Amino acid sequence: MSGFEANFDGLVGLTHHYAGLSVGNKASVYNRDSVSNPRKAALQGLMKMKSLADAGFIQGVLPPQQRPNIPALRHLGFAGSDEQVLQKAAQYSPVLLSKLSSASSMWTANAATVSPSADSADQRVHFTVANLNNKLHRSLETETTSAALKATFADKNYFVHHRALPQHEDFGDEGAANHNRLCGDYHTPGVQVFVYGRSVLRGGPVPQLYPARQTREASEAVARLHQLNPAQTVFVQQKPVAIDSGVFHNDVIAVSNRNVLFHHQHAYLNQDQILTEIEQKMARLGHDFVAIEVPSERVSIKDAVDSYLFNSQLLSKTDGKMMIVVPEECRQNAAVWTYLQSLIAQASSPINDVCVFDLRESMRNGGGPACLRLRVVLNDAEFRAINSATLMNTQLYDRLTKWIEQHYRDELCSSDLVDPQLLREVYTALDELTQILDLGSIYEFQR
């Protein structure tokens, strides 16, 4: 049975704004209090989805969440009508209201960790929703994320959905942003690489400036839940210096596709040893392993973080080679662009094409192409079982474009979040979106 990788991108939400909520994410903090353009942000992300679908890649859509998060504000004791809840929360703390209005669910690389049926003992696709407990605004996403994934991948014969891990820092889990899978063909068994920032039980080095959001213990729990063979798993620690340089997730310093790992020289502790372990485990499965290590003398960690070179997508083309999808910031960085041009010019390189997208609205909040998508490896039967209304095509693109242009504002700042009209706009838009994507009642205001 053949297999392929589908990418499910998150639609940018109507409350997309620059609040600088993500400590350790330099772009997020740097652009705090700038005026955002939610309409442009959503259209930029949608254009990426449509362009990749037109190029023959399987592309799906995941919905934004209900924000401002009125149920969460009520849970915190703010009472009255929805409008009164907004007013009271804003009077109490504009920062709190901003956190509970974040559109961060757009970065679906943090939605869940996904293991394909080829790797799981029960031969089903496993999803574990990330608890994202390092940041309040993200920790509140889990329930709706779970509902959206279950509405998209509903058939229990093929898909298993696990609850988020316990909401405690010992089990901090940031989802697929800290997970890579290496394989031959997509439908063959592969090696899953779980990347963590610190170990609670084993100890060891930790970053000094910024938090290590993923623990080894969380990664090991996900591997157990997904029924993975230890001979096909590798646990890797990020270099603390990389985290302190702004590499808050693995997908800011490395990206993989099939048998290729594209990574920076300073991505991992004991990097040579780790690469050897991956190579050996791949060899036992009959797969070659190709590690493309970018030396710091060519691209510094700072340039990698500033440009989001590694927060890219590696996609397999029909000619057997790969295309790397990068943000416009890579073209604007001389060192990064020079490196990419030399990479694709090498006859032996598995990557021979660069595709550039303008994702400036997302990038200014700290999320590039890889942040916006959740990778799901499927076989033919599993693909037929998903909710087809979420798959990108010309008709869906046209409907979503009209939906965005009708409902989204072209300017938003934190002070606008108290506007009750914005809340009504969100409710109206999301109610319509659930019908477009055939999601059912995944939002609390619909219940």
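A residue is called buried when its relative accessible area is under 20%, exposed when this value is over 50%, and partly exposed in between. These terms are applied below to a predicted model.

K50 has a relative accessibility of 11%, and because this is under 20%, K50 counts as buried. D54, in contrast, has a relative accessible area of 52% and is therefore exposed, the cut-off being over 50%. The side chains of K50 and D54 form a salt bridge, with an N to O distance of 2.7 Å. Both residues belong to helix α2, which covers residues 38-54. Because K50 and D54 lie four residues apart in this helix, about one helical turn separates them. The pair thus joins a buried lysine to an exposed aspartate.

Side chains of opposite charge can pair when their charged atoms come close. In the whole model, 19 salt bridges are counted. Another of these contacts links D319 with K317, at an N to O distance of 3.6 Å. D319 has a relative accessible area of 46%, which makes this residue partly exposed. K317 is also partly exposed, with a value of 22%.

A further salt bridge is found between E425 and R409, whose closest N and O atoms are 3.0 Å apart. This contact links distant parts of the chain, the two residues being 16 residues apart. E425 is located in helix α17 (residues 420-436), whereas R409 is in the loop between α16 (394-407) and α17. The relative accessible area of E425 is 19%, so this residue falls under the 20% cut-off and is buried.

Salt bridges also occur in a network, in which R202, R216, E217 and E220 are linked. Two arginines and two glutamates are the members of this group.

With regard to the cysteines, the count of disulfides is zero. C371 takes part in no disulfide, and the nearest cysteine sulfur, belonging to C330, is 12 Å away. Because a disulfide requires two cysteine sulfur atoms within 2.5 Å, the sulfur atoms of C371 and C330 do not qualify as such a pair. C371 is buried, its relative accessible area being 3%. For C413, a relative accessible area of 24% is obtained, and this cysteine is classed as partly exposed.

Notes: Residues numbered from 1 in each chain as written. Predicted model: local features only at pLDDT ≥ 70, side-chain atom pairs only at ≥ 80, totals over all residues. Heavy atoms only, no water. Salt bridge = Lys/Arg side-chain N within 4 Å of Asp/Glu carboxyl O. Buried < 20%, exposed > 50% of the residue type's maximum accessible area, 1.4 Å probe, protein only.
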